[in-house]
Structures are given as C-alpha cells and as structure tokens.
Amino acid sequence: MVSIRPAVDADCLAIAGIYTHYVEHTVATFDYDPPSVTAWEHKLATVTAAGRPFLVAVDDGVVLGFAYLGGFRDKRAFDWTTEDTIYLRPDAGGRGLGTALLRALIDEADPDNVQQIIAVISAEGGEASIALHAKHGFVEVGRTPSVGYKFDHWIDTVYMQRALT
C-alpha cells in the first residue's frame with residue numbers, strides 16, 4: 001500500500017535516481033546535469049528548514065515519487081510564494097501518485113509560510129502535469145516561449161498558480 005510521508009536523508013538516493021531519468025531523457029526539467037545525492041540532501045534540509053513540505057510516495061519501502069515546495073525567487077518579497085516540484089519513477093505513473101503528492105503538498109503547506117504556489121511546467125510533454133495542477137485548483141497565468149534549450153531545440157514553459165488560502 002502506498003503511503004505519503006516526509007522525506008528523510010535515506011530517501012535521497014532514490015530521489016536522485018528518479019530525477020536523473022528526467023534530466024537525461026526528458027525536457028520535464030531544464031537541468032543538464034543530475035544533482036548528486038549530497039545535493040538532494042542539501043535540498044531536503046533547505047526545504048524543511050524553511051518550514052515547507054518535502055514528501056515521498058513509498059510502497060513496500062520503495063520510493064515511487066517525490067514532491068516539495070521550494071523557493072520561487074531569491075528576493076525577500078517572494079518569501080511566501082513557492083514553486084512546486086513533483087516527479088515519479090517512470091514506471092509509477094497512472095496510479096494516482098501525482099495527485100496524492102500534490103494534494104499532500106497543499107494540505108501540509110503552512111498558510112503563515114505559503115500564500116501562493118507556482119508550477120513551472122514544460123509545455124512539451126507537460127500535458128499530464130498541466131491537467132494534474134488544473135485538477136487541484138491551479139490556473140494558467142502565463143506562457144513563456146522558447147525560454148529553455150535542451151536536446152537541440154527550444155522549449156516553452158507554462159506557468160500555473162494557486163493561492164493556498
């Protein structure tokens with residue numbers, strides 16, 4: 001049975017493995033190089049120190065996906081705005097895990113800490129993510145054409161936003 005729980009350092013190896021797939025094979029992320037396990041441990045510490053959720057979906061001890069609310073911009077005025085991140089193992093799609101993770105992020109976000117959640121989604125291949133976010137009350141607030149360059153072509157992004165309260 002799948003459970004959603006806070007991530008711990010021991011999950012970072014699996015998180016790094018999941019994300020590496022997307023870095024190396026898709027335009028879901030614009031990263032060119034997969035972050036190390038140590039970088040993921042640092043990310044986990046940073047997100048949780050900011051009082052925001054960093055979650056994993058686990059089935060029988062296996063991490064099937066992860067999600068967190070990270071920073072949106074570095075300027076102080078954006079401190080109450082977050083950007084969500086959700087990734088699943090490639091073989092874990094179609095089981096409702098994205099829905100469970102996004103719902104848990106929203107439920108666990110502290111309204112004293114988070115007012116707005118932004119999703120920045122690759123327009124190429126991002127239809128499922130766009131639908132997932134729309135299902136949870138996110139609305140499209142803009143598109144940025146040709147802002148990412150990966151695998152020898154330009155990629156647009158879709159911005160979606162949801163107020164927490």
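Accessible areas here come from the Shrake-Rupley method with a 1.4 Å probe. With that in hand, I looked up the surface: the protein exposes about 8,600 Å². Carbon and sulfur atoms supply 54% of that area. I kept in mind throughout that this is a predicted model.

**Entry 1: overall build**

I listed the elements next. The protein has four helices and seven strands. Read along the sequence, they follow the pattern β-α-α-β-β-β-α-β-α-β-β. I then looked up the radius of gyration, which is 15 Å. The globule rule gives 15 Å for 165 residues, so the protein is as compact as a globular protein of that length. Along its principal axes, the C-alpha trace spans about 40 × 40 × 30 Å.

I also looked up burial and contacts. Of the 165 residues, 41% count as buried. Among contacts with a separation of 6 or more, 65% are between residues 24 or more positions apart.

**Entry 2: the sheet**

In what order do the seven strands of the open sheet lie? I read β1-β2-β3-β4-β5-β7-β6, with mixed pairing. The edge strands are β1, residues 2-6, and β6, residues 139-150. Each of these two pairs on one side only. Neighbouring strands are turned by 25° against each other on average, direction ignored.

I noted helix α1, residues 12-25, as packing on this sheet. It touches β2, β3, β4 and β6. The direction of α1 makes about 80° with that of β3.

**Entry 3: strand by strand**

A reminder to myself: strands of a sheet pair through backbone hydrogen bonds, either parallel or antiparallel. I went through the pairs from the β1 side.

- β1 and β2 run antiparallel and are joined by five bridges. In this pair, S3 stands opposite V58 of β2.
- β2 and β3 also run antiparallel, with six bridges between them. L55 has A67 in β3 as its bridge partner.
- β3 and β4 pair in the antiparallel sense over seven bridges. Here Y68 stands opposite T85 in β4.
- β4, residues 81-88, and β5, residues 116-122, run parallel and are joined by three bridges. I found T81 opposite Q116 in β5, and E83 with I118 as its bridge partner.

I paused at the hairpin of β2 and β3. Two residues lie between its strands. D60 takes a positive phi near 50° in this hairpin.

Which strands are covered? I checked two. Seven of the eight residues of β4 are buried, and I call it mostly covered. Five of the six residues of β2 are buried, so β2 is largely enclosed by the rest of the structure.

**Entry 4: the cores**

In soluble globular proteins, nonpolar side chains tend to be buried together. I looked for such groups here. The largest nonpolar core has 24 residues. Which of its members touch the most other members? They are I86, L101, L102, L105, I117 and F138.

I then asked which elements give two or more residues to this core. They are β2, β3, β4, α3 (97-108), β5 and β7 (153-163). The largest share, six residues, comes from α3.

I followed L105 further. Not counting residues up to four places away in sequence, it touches P53, L55, A67, Y68, L69, D84, T85 and I86. L55 and A67 are the bridge partners I noted between β2 and β3. Y68 and T85 are the residues that stand opposite each other between β3 and β4.

A second core of 18 residues is separate from the first. A7, I15, W40 and Y87 are among its members.

**Entry 5: a loop residue**

Last, I looked up T29. Where is T29 found? It is in the loop between α1 and α2, the latter covering residues 37-49. Is T29 buried or exposed? Its relative accessible area is 6%. Buried means under 20%, so T29 counts as buried.

I then looked up what surrounds T29. Leaving aside neighbours within four places in sequence, T29 is in contact with Y19, Y22, V23, Y87 and K150. Y87 is also listed in the second core.

Methods: Residues are numbered from 1 along each chain as its sequence is written. This is a predicted model: local features need pLDDT of at least 70, side-chain atom pairs count only at pLDDT 80 or more; totals for chains, interfaces and linings use all residues. Side-chain values use heavy atoms; hydrogens and water are left out. Two strands pair if DSSP finds at least two bridges between them. Axes are lines fitted to C-alpha atoms, for helices over the stretch in contact, and angles run from 0 to 180 degrees between N-to-C directions. Contact means heavy atoms within 4.5 Å. A nonpolar core is a set of buried Ala, Val, Leu, Ile, Met, Phe, Trp, Tyr and Cys residues joined through side-chain atoms within 4.5 Å. Buried means under 20% relative accessible area, exposed over 50%, partly exposed in between (1.4 Å probe, protein chains only). The radius of gyration is taken over C-alpha atoms; the globule rule is 2.2 Å times the number of residues to the power 0.38.
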